[in-house]
Amino acid sequence: MLFCLDTHCHLDAPELAPDLDAVRQQARSVGVGHCVLPAVQVDHFDAVRTLAHRFGDSYALGVHPLYSAPATQDDMDQLAAELQARIEDPRLVAVGEIGLDGFVPGLDMAHQQRIYRAQLQLARRHDLPVILHVRRSADLVLAGLRAVGGGRSARWQGIAHAFNGSLQQAQAFIDMGFKLGFGGALTFDRALQLRRLATELPLSALVLETDAPDIPPHWLYRSAAERDQGLPQGRNTPAELPRIAQVLADLRGLPLEAVLQATTCNACEALPRLASLLPAEALA
């Protein structure tokens, strides 16, 4: 069975709680041998760490921009303390999910930026990669990376999760050292720009993710009209990753095995601590 690595999966989400063990086992049964579990707020730190150890996965610690509104310096102090306490845990692979969101109305961008840059500084202090939320905010996220990292020559490691920016923005992240995360959004025929990026960018720049339970692939998605007619929205889980990977392979005209091997190696470049957690054959 081919080995798949989901670089972004929220197993601590309430949508997956009722049958979480079965969800993770189903994913494992189709080849998803490892998941990276990013936290979204301080209250989730214990959960993602516990689940990562329970399932043999890995985790990241951070405050998501959608949860930044109530975040204070106390949250940053708690994150700093938790990173200090867990830095020797090999399953801690990054600071994340952090970043900026320019899509959801009502969020204070100035406050988001303060929280984001504080977390970048903590990542630098602990020499950890970052997992970035970059929704309608790529230029501002890049500006923060340059400000904290030392200007236009700044180098980082990490992943720009659910990337959906321009080719120029993609290249800026790649030049800085990032890999770009592609998941369920890639599976929609109408996602022309995203599919073009996934086809034309170097395979060495791409990693795979589900963002489960968010961003369902097209075969799970139901429109508002369909939901009004009683059709249930399909639940996105990490078990969808092989089908998402097949879409990427088809778009690039490559065998699925080649895409899975390349994206797994790319993930280990982005999050170096992963390599020691994976079976040797996954990196062959």
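Alanine 162 sits in the loop between strand β6 (158-161) and helix α6. In this predicted model, the phi angle of alanine 162 is near 50°, a positive value in a residue other than glycine. Most residues other than glycine have a negative phi. Alanine 162 is partly exposed, because its relative accessible area is 27%, and partly exposed covers values between 20% and 50%.

Aspartate 127 also has a positive phi, near 55°. You will find aspartate 127 in the loop between α4 (109-126) and β5 (130-135). Is aspartate 127 buried or exposed? With 68% relative accessibility, aspartate 127 counts as exposed, since the cut-off for that word is over 50%.

**Two cis peptide bonds**

Now for the backbone links. Most peptide bonds are trans. Here, a cis peptide bond joins glycine 96 to glutamate 97, with omega about 5°. Glutamate 97 belongs to strand β4, which covers residues 92-101. Another cis bond connects alanine 212 with proline 213, and its omega is about 5°. Proline 213 is placed in the loop between β8 and α8 (224-228).

**The chain as a whole**

Let us step back. How many helices and strands does the chain have? There are ten helices and eight strands. The radius of gyration is 18 Å, close to the 19 Å that the globule rule gives for 284 residues, so the chain is as compact as a globular protein of that length. Along the principal axes, the C-alpha atoms fill a box of roughly 45 × 40 × 40 Å.

Of the 284 residues, 55% are buried. Contacts also reach across the sequence: among those between residues at least 6 apart, 72% join residues at least 24 apart. On the outside, the chain exposes about 12,100 Å², and carbon and sulfur atoms supply 51% of that area. The chain has 25 positive and 32 negative charges, and the mean positions of these two groups are 4 Å apart.

**A helix with a buried face**

Helix α7 spans residues 192-200, and its residues Leu194, Arg195, Leu197 and Ala198 are buried. Why do we say that these buried residues line one face of the helix? Looking down the axis of α7, they fall within an arc of 160°, so they line one face. On the face turned away from this buried side are the exposed residues Leu192 and Glu200. The buried residues of α7 pack against α6 (167-176), β7 (178-182), β8 (206-208) and α9 (241-252).

**Two residues of helix α2**

Helix α2 covers residues 45-55 and includes arginine 49. Arginine 49 is buried, because its relative accessible area is 15% and the limit for buried is under 20%. Apart from neighbours within four places in sequence, arginine 49 is in contact with Tyr59, Glu82, Arg86 and Asp89.

Histidine 53 is in helix α2 as well. At 42% relative accessibility, histidine 53 counts as partly exposed. Which residues does histidine 53 touch, not counting those up to four places away in sequence? They are Tyr59, Asp89 and Arg91.

**Two residues of the loop between β1 and α1**

Leucine 11 lies in the loop between β1 (4-6) and α1 (20-29). Leucine 11 is buried, with a relative accessible area of 1%. Leaving out residues up to four places away in sequence, leucine 11 touches Leu16, Leu20, Arg24, Leu37, Leu51, Phe55, Asp57 and Pro238.

Proline 18 lies in the loop between β1 and α1 too. Proline 18 counts as exposed, at 72% relative accessibility.

**Distances along the chain and in space**

The table sets separation in sequence beside the distance between C-alpha atoms for three pairs.

| Pair | Apart in sequence | C-alpha to C-alpha |
|---|---|---|
| Histidine 53 and arginine 91 | 38 residues | 7.4 Å |
| Leucine 11 and threonine 187 | 176 residues | 22 Å |
| Proline 18 and methionine 176 | 158 residues | 40 Å |

Try finding each pair in the structure above. Histidine 53 and arginine 91 make a good start: their C-alpha atoms are separated by 7.4 Å, and arginine 91 is one of the residues that histidine 53 touches.

Notes
Residues are numbered from 1 along each chain as its sequence is written. This is a predicted model: local features need pLDDT of at least 70, side-chain atom pairs count only at pLDDT 80 or more; totals for chains, interfaces and linings use all residues. Side-chain values use heavy atoms; hydrogens and water are left out. Helices (H or I, at least four residues) and strands (E, at least two) are DSSP runs, numbered from the N terminus. Buried means under 20% relative accessible area, exposed over 50%, partly exposed in between (1.4 Å probe, protein chains only). Contact means heavy atoms within 4.5 Å. The radius of gyration is taken over C-alpha atoms; the globule rule is 2.2 Å times the number of residues to the power 0.38. Accessible areas come from the Shrake-Rupley method with a 1.4 Å probe; for residues, only the protein chains shown count as cover. Lys and Arg count as positive and Asp and Glu as negative; His and the chain ends are not counted. The place of a charge is taken as NZ of Lys, CZ of Arg, CG of Asp or CD of Glu. The arc is that of the directions from the helix axis to the C-beta atoms.
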